[in-house]
Amino acid sequence: MANNHTVSFKLNGKPVDVSVEPRELLIHTLRERLAHTGPHIGCETSHCGACTVDLDGMSVKSCTVLTVQCDGSEMVTIEGLEQAGVLHALQQAFHEEHGLQCGYCTPGMITRAWRLLQENPDPSEQEIRYGIAGNLCRCTGYQNIVKAVQSAAKKLAAAKAASAAPAAAAAAEEATPAQQPVTA
Amino acid sequence: MTPAAFEYHAPRSVADAIRLLGELGPDAKLLAGGHSLLPMMKLRFATPTHLIDLGKVPGLRGIRQVGDAIHIGAMTTENDLLTSALLAEKLPLLVEGAGWIADPQVRYKGTIGGDISHGDPGNDHPALMLALDASFVLAGAQGERVVKADGYFLGMYSTLLEPDEILSEIRIPIPPAGTGWSYQKLKRKTGDFATAATAVQLQMDGAKVASVRIALTNAASTALRANDAEQSLIGQPIDNASLAEAARLAMAICDPAPDQRGDAQYKVAMCGEMTRRALQAAWARTQH
């Protein structure tokens, strides 16, 4: 029954074609065919979130998605977050706040936090904990992961304010709520 | 971790999906969010030979008001429910319930229709649907039929849905202004199925209960509507005595399966406690 399907999607901005059996899980396609081995496998019951990738604007557990379902999709993995050698604010913050130890949950954790901060750029501690409840960590006890996400949120807000400032100086008074001070 | 082999189909209409169900027979399964089916396939509890993916079928997703009801497409995700301003205003019980289901990643994929169709007593939507007095639209080769949630759940993993039908839409009457609601769920951790949970919608007439719906999660082989508990409250004030009696009557219909979440006695007791808390919380939210 090995009738393979050709599946095309964008992975970190680059078009990809793969030929897969219907039963192939997305995590295996990413790791074994496309050599994107940042997303990991930590369970077989869809709990741990180590395999989290961003699929069409959603955080998904790629162990619970079939690759054939992804035709025409846009995907982002941990490998796609750094830009031109510069770490994403979340990657930098996980480093600075000691938000990882063994590093096995980290790709899924950061990829999830990346989507969380786009949906909620200024989350409370409770919102962060609830927002990463699909990602298990055995090492950190979560405390420093929360700090890292908070730190990244502040940096991203500051960067956004800075980039908006010159262009929107005139419109600024009426435009936006006060930004967080840069204390990260 | 590795599912058995199967053939994959991605129909582009409900009619095509129904036709495929008919042609391929009982070894074909509908694939919705995939967050119950794929886990079962990865453990080889389920070994369908064909998967019919509803993900590319237009028109099965969305939340809209139609008259005095809310219609929700079966492929609407838990995350859609959680972030819907319309639901937050009209059906807050459903939003509160969705917030207790699984985790963010699962909620981006898992659908309300799949949660209902799975027929797992551990799932939260069956009891929420009973409390909300929902109806389900079942589409088959002969057309559509509409059935009540109350009576839909037949047994563990078993519902009124026929093998050649698709649950296409959920219809829920908008409760009157002033209605209170609560979903109280006891669980071991975030993302777990309930040890026990109770859904309540409650309307007061002054100090007396005018109307109430109570439904229980994971208290038996199906979600249960606690009819006797409801009846005991009609015309009564919400006080310690009426709450204790409603909890007692809710516990009387429980028949939970002992497992790692606890033995039957514990689960029954917790069902009573969740019922008491849900009624109390719903009462606090009524206009009375």
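What share of the contacts in chain A with a separation of 6 or more comes from residues 24 or more positions apart? Such residues account for 58% of those contacts. The model open in the viewer is predicted, and the tour starts with chain A before going on to chain B.

**Stop 1: chain A as a whole**

Select chain A and colour by secondary structure. There are 6 helices and 5 strands in chain A. Followed from the N terminus, the order of elements is β-β-α-β-β-β-α-α-α-α-α. Of the 184 residues in chain A, 47% are buried.

**Stop 2: helices α2 and α3 of chain A**

Select residues 89-96 of chain A, which form helix α2, together with residues 106-119, which form helix α3. The two axes come within 10 Å and cross at roughly 125°. That angle makes α2(A) oblique to α3(A), and their crossing is right-handed.

Now show side chains at the contact. On the α2(A) side, pick A:Leu90, A:Gln91 and A:Phe94. On the α3(A) side, pick A:Thr106, A:Met109, A:Ile110, A:Ala113, A:Trp114 and A:Leu117. Sorted by class, the residues of this contact are 7 nonpolar and 2 polar, with no charged residues.

**Stop 3: helices α10 and α11 of chain B**

Move to chain B and select α10 (240-252) and α11 (264-285). The axes of α10(B) and α11(B) are 8 Å apart, and the helices pack at an angle of about 140°. Why are they called oblique rather than roughly antiparallel? The roughly antiparallel class takes angles over 145 degrees, and α10(B) and α11(B) are therefore oblique to each other. The crossing of α10(B) past α11(B) is right-handed.

For the contact, display B:Leu243, B:Ala246, B:Ala247, B:Ala250 and B:Met251 of α10(B). Opposite them, from α11(B), display B:Val268, B:Ala269, B:Gly272, B:Thr275, B:Arg276, B:Leu279 and B:Gln280. This set divides into 8 nonpolar, 3 polar and 1 charged.

**Stop 4: B:Arg261 and its network**

Stay in this part of chain B and select B:Arg261, in the loop between α10 and α11. Which residue does B:Arg261 pair with at an N to O distance of 2.8 Å? The partner in this salt bridge is B:Asp192, located in the loop between β11 (180-186) and β12 (196-205). The two residues are 69 residues apart, so label both ends when following the chain. B:Arg261 and B:Asp192 are both buried. Extend the selection to B:Arg188, B:Asp259 and B:Lys267, which salt bridges with shared partners join to B:Asp192 and B:Arg261 in one network.

**Stop 5: further salt bridges in chain B**

Over all chains, the structure holds 26 salt bridges. Two others in chain B are worth selecting.

Begin with B:Glu169 and B:Arg64, whose side chains meet in a salt bridge at 3.3 Å, N to O. B:Glu169 sits in strand β10 (residues 166-173) and B:Arg64 in strand β4 (residues 63-66), and the pair links distant parts of the chain, 105 residues apart. Is each partner buried or exposed, or in between? B:Glu169 counts as buried, at 12% relative accessibility, while B:Arg64 counts as partly exposed, at 46%.

Next, select B:Lys148 and B:Asp133, with a salt bridge of 3.2 Å from N to O. B:Lys148 belongs to strand β7 (residues 143-148) and B:Asp133 to the loop between α8 (125-132) and β6 (135-140), so the bridge ties together parts 15 residues apart in sequence. B:Lys148 is partly exposed, with a relative accessible area of 43%, and B:Asp133 is partly exposed at 23%.

**Stop 6: positive phi**

Keep B:Asp133 selected and check its backbone. B:Asp133 has a positive phi of about 60°, although it is not a glycine. Then select B:Arg44, which also is not a glycine and has a positive phi of about 60°. B:Arg44 is placed in the loop between α2 (37-42) and β3 (50-53) of chain B. Its relative accessible area is 43%, which means B:Arg44 is partly exposed.

**Stop 7: B:His50**

Follow the chain from B:Arg44 to B:His50, which is found in strand β3 of chain B. B:His50 is buried, with a relative accessible area of 16%. Which residues does B:His50 contact, leaving aside its neighbours within four places in sequence? Select B:Phe6, B:Glu7, B:His9, B:Leu24, B:Asp27, B:Ala28 and B:Lys29 to display them.

How values were computed. Residues are numbered from 1 along each chain as its sequence is written. Chains are lettered from A and ligands numbered from 1 in the order in which they are written. This is a predicted model: local features need pLDDT of at least 70, side-chain atom pairs count only at pLDDT 80 or more; totals for chains, interfaces and linings use all residues. Side-chain values use heavy atoms; hydrogens and water are left out. A salt bridge is a side-chain nitrogen of Lys or Arg within 4 Å of a carboxyl oxygen of Asp or Glu. Helices (H or I, at least four residues) and strands (E, at least two) are DSSP runs, numbered from the N terminus. Buried means under 20% relative accessible area, exposed over 50%, partly exposed in between (1.4 Å probe, protein chains only). Axes are lines fitted to C-alpha atoms, for helices over the stretch in contact, and angles run from 0 to 180 degrees between N-to-C directions. Angles under 35 degrees count as roughly parallel, over 145 as roughly antiparallel, 65 to 115 as roughly perpendicular and the rest as oblique. A crossing is left-handed if the near helix is turned anticlockwise from the far one by less than a right angle, and right-handed if clockwise. Contact means heavy atoms within 4.5 Å. Ala, Val, Leu, Ile, Met, Phe, Trp, Tyr, Cys and Pro count as nonpolar, Asp, Glu, Lys and Arg as charged, and the others, Gly among them, as polar.
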